[in-house]
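Q: I'm new to this structure and would love a close look at its interior. Please show me what is packed away inside, and then how the pieces around it fit together.

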Amino acid sequence: MADVEALTCLTFPVTAHGPSLTTLQWSEDGQVFLLTRGTIYILTPNTGISFDPSVLLTASTKTIGKDEDLKWYRTLIELDKTPVHHWPLESDNWGTVALGSLDMSWASIAVSPTNLSNGSCCLLATLTTNLEVVLWAPLKNFLTGEWRRVQDVTLTIKESASEINDSPHKTLDSQVHCINWSTQIPVPEQMRFVDGSLLALGTRSGRVHLMQLSNSIGSGYNGELRLINSVKLTENWITHLAWSSWEVIKPRCFRALLACGIPDGSIFIILVSLALDNDLQPHWEFTHLNNGEPSCEPGYSALTAIKWIETEERVPILTYAKPGIIHIRRMSNKTQYEWAEIWQVALESQPISTSTSPLAPVSGLLYYKQHDALLVSLFEGTFCMIKNISTLPTLHASSDLTSEDLTNRIRAVFALAEEHISFEDVNRTMGLFDYDSAGAIGWFHETGRPHDFSYKHESQHTSMFVVAQIWKDEETILDRLIIPSVDSTNLNAAPTHVLRGIFLHLRNETFIEAHQNLILGRLAVADTLKDDNPTQSTATDLALSIDNLSYLLSVSLFRRKDVRSVRLKLGVSMFCSTISGIDTVSFKTLTADLSNTLLHFQLHIVLRALGQFVTLVEGADRDFIRRWIVLCRTHGPPSLQQEALALSSKVHLPENIIADSPDEQEKCPACHAIVPLGIGKDAVCLNGHHDALSHPSSLQLLSTPSELRKLAWQPSAADSSITHALVAAARWCIFCGNRFVRVL
């Protein structure tokens, strides 16, 4: 087991939540949400992040491997055990009794797509055992700062159902049993950001509520979740919910599938359709498939997990677990939504402890597209790898890594983390997540001894968060991770999230030395800014206003694949240039080249947008724009000089204007000495004071987790409406693309 490497072993003195697919979840901001009974931990790996190192969590036990331990930033949300909604006061019907109110704990969580909060981050929906749902958002610093309650979702549901007079039914409609948030719709790059995600809530009345964040189209969190529809499926509880990914039917039309499980093991499926009109306003349609009957028939046992997976051919496959069996159903096509294939895979016992059984609940399902394989984790600590998911699923396909090998490797990591274990110790696995799609996985376990009736061991309740490299898929690392593909599904995700897999392996200087030429070659591939600026085709349809200028800048700076590609390359290059023990000169040179390329792209974009809204320029705007033009014409490449020349003619500036004239000189905010104008990373005055990005390459008065950046502009620029349009457009850092962590 020489290739097994434990990267993180963090101990949490808490009671673990039961086995569930919601115990561990990644967000598009690059954070892991860990669910326990009394606390929700929000963990962020430190790779690719330059922030306060004193608050990092380090491994609580020794780890296997030569690399430095993977460290994490942490914040948390604690449970207030005081019930907000007292169900007995609303109805005395026995069916509305919530026994979870006697000893409240967290029951489930659902993480939203990114760019929905005020800080352009994710939102979090939480469910308690008292069947209450609350919406949370980060206050300022999403890495280590406070998350606050922003909405009582249960109260919103009650108010929406105020027309129901029957007290028991109204109460049951408000008692939520499960929650799940859909992914974001794949908006093409030429369109501005549109929130098409939905929060689904399954209730005790057999109804599914579908809610969307109001007033969130391109403006972040500016409202609250509102109920857009309720679908009545059955008279039983809704116990499980699972969203498929969105598919594009035609431009501005999208579809997704919502699977809803009930206690008898049957599954209903809702087809959700979204159409955007010319004003990008959503129009929803909800269709109950199979004429209102269950799409998956009931069985002799209940569901323990349910999840949609998508193959390389983008065919939706529904996987769900019942004790001892994994059910796999593949759709025939995307128009009829009928089952083409139905398979069942019986799990096998693997005797690694006294309580191993294939009948244990499933705690994790991970699908690997490149191998067409499904990794299954069970509550009692065993793991199974099901191969050929889309053709003929089997546990016994020829492979270098069998289910037994996989279980033994994870058991070895468990033995190292807990140090003193025996055959009686069960590594109860509560949740599972993938780290790099190449063999690094994470899980949350608690040691138990079910045959020890003294209960002394059971009363300790110490759980552990583990990340380990169980196998290493070199082909995936080199082909898919170094330069991730840029498409409409990850345009909004933070670069630290998209690049976390390659960052994990680039920590190893031996890996960089072995593949340095390959990495440099791929990063050095020239990028060109496409001439078909997406704002040019839409600007003519918009009124000339500062808000629309900000919208156009936002689309061009953050919704273009060519700009996004340079940002990702720059992130990898910057990371490599900080690794000690290797020759970093080549990476530092490449980082400087990529920085200049990105800066020139952004200046091109801003100059083009200003040219389309030139009639808005007045007063302080002219002084601010003049400085941009001077910089671009005196220090930019020929193509940028042409853009500046075209804009200067529109604002009627003389062609012989130069940067060294007294009117164009900036002064240092610290000592008032002259700051030579130039396009680069730093502005340095004659007395040596550095003012990071105090020129047109910066648009924000904020700092990011990837690097500390700031802007100090002249008073005249602060009075410019164009300046404020630029600030409003940059909801993320224009340099690294990550979310901001604090206001300076």
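A: The protein chain folds into 17 helices and 34 strands, and what you see is a predicted model. Of the 744 residues in the chain, 58% are buried, so a look inside has plenty to show, given that buried means under 20% relative accessible area. The chain also brings distant stretches together: among contacts between residues at least 6 apart in sequence, 63% join residues at least 24 apart.

Let's begin with the core. The largest nonpolar core has 70 residues, and the members that touch the most others are I502, L506, L549, L553 and F587. Helix α13, spanning residues 585–612, gives this core its largest share, 12 residues. A second core lies apart from it, with 28 residues that include C178, V231, A256 and C260. As background, nonpolar side chains tend to be buried together in soluble globular proteins.

L506 is a good place to zoom in. If we set aside its neighbours within four places in sequence, L506 is in contact with F511, I512, I519, V572, F575, C576 and I579. One of these partners, I519, leads us to helix α9, which covers residues 516–523 and has Q516, I519, L520 and L523 buried. Why can these four be described as lying on one side of α9? They cover an arc of only 95 degrees around the axis, which puts them on the same side of the helix. The general pattern behind this is that an α-helix has 3.6 residues a turn, so residues three or four places apart point the same way. The cover over the buried residues of α9 includes α7 (500–506), α8 (509–514), α12 (561–576) and α13.

Helix α17, at residues 721–729, offers another example, with I722, T723, A725, L726 and A729 as its buried residues. Looking down the axis of α17, these residues fall within an arc of 160 degrees, so they line one face of the helix.

Strands can be tucked away too. In strand β8 (residues 133–138), six of the six residues are buried. V133, L135 and A137 point one way from β8, while V134, W136 and P138 point the other way, and all of them are buried. On one hand, β8 runs antiparallel to strand β7 (residues 124–128), and four bridges join the two. In that pairing, T126 stands opposite V134. The hairpin made by β7 and β8 has four residues between the strands, and there L131 takes a positive phi near 65 degrees. β8 also pairs with strand β9 (residues 147–152), again in the antiparallel sense, over five bridges. Here the bridge partner of L135 is Q151 in β9.

Next, have a look at helix α3, residues 167–174, where T171, L172, D173 and S174 are buried. The buried residues of α3 pack against helices α1 (87–90) and α2 (153–160), and against strands β10 (176–181), β11 (199–203) and β12 (207–213). Past α1, in the loop that leads to β6 (106–111), you will find D92. D92 is exposed, with a relative accessible area of 75%. Although D92 and P168 are 76 residues apart in sequence, their C-alpha atoms are 7.9 Å apart in space.

There is also an open sheet to trace. Four strands form it in the order β19-β20-β21-β22, with antiparallel pairing. β19 (305–310) and β22 (339–346) stand at the edges with a single partner strand each, so one side of each has no neighbour in the sheet. On average, neighbouring strands here are turned by 20 degrees against each other, direction ignored. Between β19 and β20 (residues 316–322) there are six bridges, and in one of these pairs I309 is matched with I317 in β20.

Finally, a word on the cysteines. C9 is buried, with a relative accessible area of 0%, and C296 is also buried, at 0%. The count of disulfides comes to zero, by a rule that asks for two cysteine sulfur atoms within 2.5 Å.

Conventions. Residues numbered from 1 in each chain as written. Predicted model: local features only at pLDDT ≥ 70, side-chain atom pairs only at ≥ 80, totals over all residues. Heavy atoms only, no water. Core = buried A, V, L, I, M, F, W, Y, C linked by side-chain atoms within 4.5 Å. Buried < 20%, exposed > 50% of the residue type's maximum accessible area, 1.4 Å probe, protein only. Contact = heavy atoms within 4.5 Å. Pairing = 2+ DSSP bridges. Axes fitted to C-alpha atoms, helices over the stretch in contact; angles between N-to-C directions. Arc of directions from axis to C-beta.
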